[in-house]
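Visitor: Pick one part of this model and take me through it closely, please. I'm happy to sit through the long version.

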Amino acid sequence: MANSEERLHSILATLEKCRAALVKDGRAETAKLVSLAILDLRIDLSKIPDSDLKALCDAMTPDDHAVERLNDPKSPGGQRRRAELKLVK
């Protein structure tokens, strides 16, 4: 078990270097994708229960009506927002 955790920490360090290089080269979107892989590894290493992660995602995700208001150009302050990713395990 310790050996596999060491390996994951090594992979995590490599991914963080890759993300930094991508940001430096102006590849922000690709860096964000690598950040998701980093997040997934960190979640695995921290052993956070899936129920806690789901509760966090639910708390951070606006309800459907709020999203509709934000995306409605006629609504005050309404403008198109980029789709959000939701963590599902």
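Guide: A quick definition to start: the expected span of a helix is 1.5 Å times one less than its number of residues. Bear in mind, too, that this is a predicted model. With that in hand, take H1: this helix has 23 residues and reaches 33 Å from its first C-alpha to its last, close to the 33 Å expected. Just after H1 comes glycine 26, with a positive phi of about 80 degrees.

Let me set the scene before we zoom in. The protein has four helices and zero strands, so the order from the N terminus reads α-α-α-α by the DSSP runs used here. Of its 89 residues, 13% count as buried. Look at contacts between residues at least 6 apart in sequence, and 51% of them join residues at least 24 apart. The exposed surface comes to about 7200 Å², with carbon and sulfur atoms supplying 58% of that.

The part I'd pick is where H1 and H2 meet, and a good way in is the salt bridge between the side chains of glutamate 16 and arginine 42, at 2.1 Å from N to O. This pair links distant parts of the chain: glutamate 16 sits in helix H1 (residues 2-24) and arginine 42 in helix H2 (residues 28-46), 26 residues apart. How buried or exposed are the two partners? Glutamate 16 has a relative accessible area of 25%, which makes it partly exposed. Arginine 42 is partly exposed as well, at 42%. In general, side chains of opposite charge can pair when their charged atoms come close.

Now for the greasy side of the story. The largest nonpolar core has five residues in all: Leu12, Val34, Ile38, Leu41 and Leu45. H2 gives the most to this core, with four residues. Zoom in on leucine 12 and ignore its neighbours within four places in sequence: what is left in contact is Ile38, Leu41, Arg42 and Leu45. Arginine 42, then, does two jobs in this picture: it touches leucine 12 and it bridges to glutamate 16.

Stay on H2 a moment longer, as leucine turns up on the outside too. Leu33, Leu36 and Leu39 make a nonpolar surface patch of about 280 Å². Leucine 39 is found in helix H2, and a relative accessible area of 42% makes leucine 39 partly exposed.

H2 also carries a salt bridge of its own. Glutamate 29 pairs with lysine 32, and their closest N and O atoms are 3.6 Å apart. The two lie three residues apart in helix H2, so about one helical turn separates them. The general rule behind this is that an α-helix has 3.6 residues a turn, so residues three or four places apart point the same way. Both ends are partly exposed, glutamate 29 with a relative accessible area of 42% and lysine 32 with 46%.

For comparison, go along to helix H3 (residues 50-60), where lysine 54 and aspartate 58 are four residues apart, about one turn of the helix. Their side chains meet in a salt bridge at 2.8 Å, N to O, and aspartate 58 counts as partly exposed at 35% relative accessibility. Over the whole protein, the count comes to four salt bridges; among them is the pair we began with, glutamate 16 and arginine 42.

Definitions and conventions: Residues numbered from 1 in each chain as written. Predicted model: local features only at pLDDT ≥ 70, side-chain atom pairs only at ≥ 80, totals over all residues. Heavy atoms only, no water. Buried < 20%, exposed > 50% of the residue type's maximum accessible area, 1.4 Å probe, protein only. Contact = heavy atoms within 4.5 Å. Areas by Shrake-Rupley, 256 points an atom, 1.4 Å probe, with all protein chains shown as cover. Patch = residues over 30% accessible without salt bridge, like charges linked within 9 Å, V, L, I, M, F, W, Y side chains within 5 Å. Core = buried A, V, L, I, M, F, W, Y, C linked by side-chain atoms within 4.5 Å.
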